[in-house]
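Q: I am new to this structure. Please take me through one part of it closely, step by step.

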Amino acid sequence: MTDKERFSIAKRIKSFRYAFNGIRYLFRFEHNARIHLVLAICAIVAGILLHISSLEWIAVLFAIGSVLAAEAVNSAVEALADLVSPQYNELIKRCKDLAAGGVLIMAITALLIGLIIFLPKLIFLFY
C-alpha cells in the first residue's frame with residue numbers, strides 16, 4: 001500500500017486547511033461572492049426575524065450554500081481558463097460563460113426560494 005492510499009488524519013486536516021484557504025480567497029478577491037454573502041446574511045436575518053420553520057431554514061441554507069459553491073466553482077473555472085489561455089479564445093469564453101450561467105441559474109433559483117418563503121410572511125405583517 002502506498003502513502004497515497006493510506007488514510008491519515010493529518011492529511012485530512014491539511015485538506016480542510018486548503019478548503020478554508022479557498023473560502024477565504026473567494027470572499028477576499030471575488031466581488032460577486034461578497035455580494036452573495038451580503039444577500040445571504042440578509043436572508044438569515046430575515047429568517048430569524050420572521051421565525052421561518054425548520055423546513056424553510058433547510059431550503060434557505062441549501063440555496064445559500066448552492067449559490068456560494070457555484071460562485072466558487074465559477075471562480076476556479078475562470079482562473080484556470082485564464083491560466084490555460086491568457087489570450088482570447090472562443091472555447092475558453094464559452095467555458096467561462098457556461099460557468100457564470102450556472103451561478104446565475106442558482107442565484108435566480110435562490111431568489112425564487114426566498115420569495116416563496118419570505119413574501120407571504122412579509123405580506124402578512126403589513127396586512
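**A close look at the aromatic pair and helix 3**

Q: Which residues form the aromatic pair, and how is the pair arranged? Please then look closely at helix 3 and what covers its buried residues.

A: Keep in mind that this is a predicted model. Start with the rings. A search of the whole structure finds 1 aromatic pair. Its partners are tyrosine 25 and phenylalanine 29. The ring centres are 4.6 Å apart, and the planes meet at 40°. That angle makes the pair tilted, because stacked needs under 30 degrees and edge-to-face needs over 60. Both residues sit in helix 1, which covers residues 9–29. They are 4 residues apart there, so about one helical turn separates them. Tyrosine 25 has 48% relative accessibility and is therefore partly exposed. Phenylalanine 29, at 41%, is also partly exposed.

Now move to helix 3. This helix runs over residues 54–84 and has 31 residues. From first C-alpha to last, helix 3 reaches 44 Å. That is close to the 45 Å expected at 1.5 Å a residue. Several of its residues are buried, among them Glu56, Val60, Ile64, Leu68, Glu71 and Asn74. What covers the buried residues of helix 3? The cover includes helix 1, the helix of the aromatic pair. It also includes helix 2 (31–49) and helix 4 (90–126).

Helix 4 holds aspartate 97. Aspartate 97 has 41% relative accessibility, so this residue counts as partly exposed. Asparagine 74 is one of the buried residues of helix 3. The C-alpha atoms of aspartate 97 and asparagine 74 are separated by 9.2 Å. Along the chain, the two residues are 23 residues apart.

Definitions and conventions
Residues numbered from 1 in each chain as written. Predicted model: local features only at pLDDT ≥ 70, side-chain atom pairs only at ≥ 80, totals over all residues. Heavy atoms only, no water. Phe/Tyr/Trp six-rings, centres within 6.5 Å; stacked < 30°, edge-to-face > 60°. Helix = DSSP H or I, 4+ residues; strand = E, 2+ residues; numbered from the N terminus. Buried < 20%, exposed > 50% of the residue type's maximum accessible area, 1.4 Å probe, protein only. Expected span 1.5 Å × (residues − 1). Contact = heavy atoms within 4.5 Å.
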